[in-house]
Amino acid sequence: LANLERNALVKEADDLNKIVDKCTKFLASDKLQTKEFLSRLDKFTEKYGWQRRTEVCDIDLNEEKKTIKAEKVQERFNIILTKDNELKKVSAGKLKFDDNIIKVIEVGEKDRFVLISNTGTMYKLNAKDIKLVSQGSKGQNIKEFFNDEIINIYAGNENEEFLIFVTKNGLIKKIESKIVFGLSKLAGAPVMKVEENDKIIYCELKTDSDIINIKSGKKEKQINISDLLSKGRLAGGITTIKGKLKEPLEIK
């Protein structure tokens, strides 16, 4: 048993010496190291290799940024307000204007736009909530969204400084447009106090250099916007023409 154990130890020593000699030669030779590296790489590739799923290429980072920016540009639409108290969303492009159109604004799909009612209330709607139709198709009635009559709509980014309201009874009000357009409330916010027996019949954007004419029968008055005092949201209007006014009220 002792002899067998000695023979096993001698064999193990010989094997270890061979490994040491091999490692010594390997560490001393760049050629052997390269050969061993390539051999292992080939075996690794055979086991785990697959066709490359990505493409390596040179790109212009400036052009890439332009492409990303272009992709973020929203598709544009026209929102149409009609005399039938309807809203239509049509693709931006050429429009056929007719007597039934009150106002057209251009918006993006993710934009909100502003609506002014004859009761002095401001609403906001998301453009994406309006159905896309052809111009000749029937639009959505305002009553699908709120029970009010809309007299004008705005994109909310217009440059004119003031909104001018005129009521059926001849009251006029001037308010900064940024106050109205800056409201975040969607459900409706008052922007002019209107009495129960009255209603707004005119709502337009103006600057201090503008002039409007109000006519009722033989009564007529020219008003300089700069002469009007700008008021807050909850204020009413001031009288333009004294006495009982005749309909229709003509405003230019």
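Two strands count as paired if DSSP finds at least two bridges between them. Helices (H or I, at least four residues) and strands (E, at least two) are DSSP runs, numbered from the N terminus. The model is predicted: local features need pLDDT of at least 70, side-chain atom pairs count only at pLDDT 80 or more, and totals for chains, interfaces and linings use all residues. Residues are numbered from 1 along each chain as its sequence is written, and side-chain values use heavy atoms, with hydrogens and water left out.

One sheet is open and holds 4 strands in the order β3-β1-β2-β6, with antiparallel pairing. Its edge strands are β3 (101-108) and β6, each of which pairs on one side only. Strand β1 (residues 76-82) runs antiparallel to β2, and 5 bridges join the two. Within this pairing, Phe77 has Ser91 of β2 as its bridge partner. The β1 and β2 hairpin has 3 residues between the strands, and there Asn85 adopts a positive phi near 60°. On β6 (residues 140-141), β2 pairs in the antiparallel sense over 2 bridges. Here Leu87 is matched with Gln140 of β6 as bridge partner.

Burial was assessed by relative accessible area: buried is under 20%, exposed is over 50%, and partly exposed lies in between (1.4 Å probe, protein chains only). Strand β2 (residues 86-91) is largely enclosed by the rest of the structure, because 5 of its 6 residues are buried.

A further open sheet of 4 strands follows the order β11-β8-β9-β14, and its pairing is antiparallel. The edge strands are β11 and β14 (238-239), each pairing on one side only. Strand β8 (residues 162-167) pairs with β11 in the antiparallel sense over 6 bridges. In that pairing, Thr167 stands opposite Ile200 of β11. In general, side chains of a regular strand alternate between the two faces of the sheet.

Nonpolar cores were then located. Such a core is a set of buried Ala, Val, Leu, Ile, Met, Phe, Trp, Tyr and Cys residues joined through side-chain atoms within 4.5 Å. The largest has 17 residues, of which Ile116, Met122, Tyr154, Leu163, Phe165 and Val180 touch the most other members. At least two residues of this core come from each of β4 (112-117), β7 (150-154), β8, α4 (177-181) and β11. The largest share, 3 residues, is supplied by β11. A second, separate core of 16 residues includes Leu81, Ile142, Ile150 and Ile153. Contact means heavy atoms within 4.5 Å. With neighbours within four places in sequence set aside, the contacts of Ile116 include Met122, Ile150, Tyr154, Phe165, Val180 and Cys203.

Salt bridges were searched across the whole structure. The criterion is a side-chain nitrogen of Lys or Arg within 4 Å of a carboxyl oxygen of Asp or Glu. The search finds 8 salt bridges. One joins the side chains of Glu36 and Arg40 (2.8 Å, N to O). These residues are 4 apart in helix α2 (residues 30-48), so about one helical turn separates them. Glu36 counts as partly exposed at 31% relative accessibility. Arg40 is exposed, at 58%.

Another salt bridge connects the side chains of Arg76 and Glu106 (3.3 Å, N to O). This pair links distant parts of the chain: Arg76 lies in strand β1 and Glu106 in strand β3, 30 residues apart. Arg76 is partly exposed at 34% relative accessibility, and Glu106 is partly exposed at 43%. Arg76, Glu106 and Asp111 are linked in a network of salt bridges. Glu176 also forms a salt bridge with Lys178, with the closest N and O atoms 3.6 Å apart. Glu176 counts as partly exposed at 25%, whereas Lys178 is exposed at 62%.

Asp198 was examined separately. Asp198 sits in the loop between β10 (189-190) and β11 (200-206). For charge, Lys and Arg count as positive and Asp and Glu as negative; His and the chain ends are not counted. Asp198 is buried yet has no salt bridge, and the nearest side chain of opposite charge, Lys168, is 6.8 Å away. Its side chain instead reaches backbone nitrogens: that of Lys168 at 3.2 Å and that of Asn169 at 3.0 Å. A polar contact is a pair of N or O atoms within 3.5 Å; within protein, one must be able to donate a hydrogen and the other to accept it, and residues adjacent in sequence count only if both atoms are side-chain atoms. Beyond its neighbours within four places in sequence, Asp198 is in contact with Thr167, Lys168, Asn169 and Leu171.
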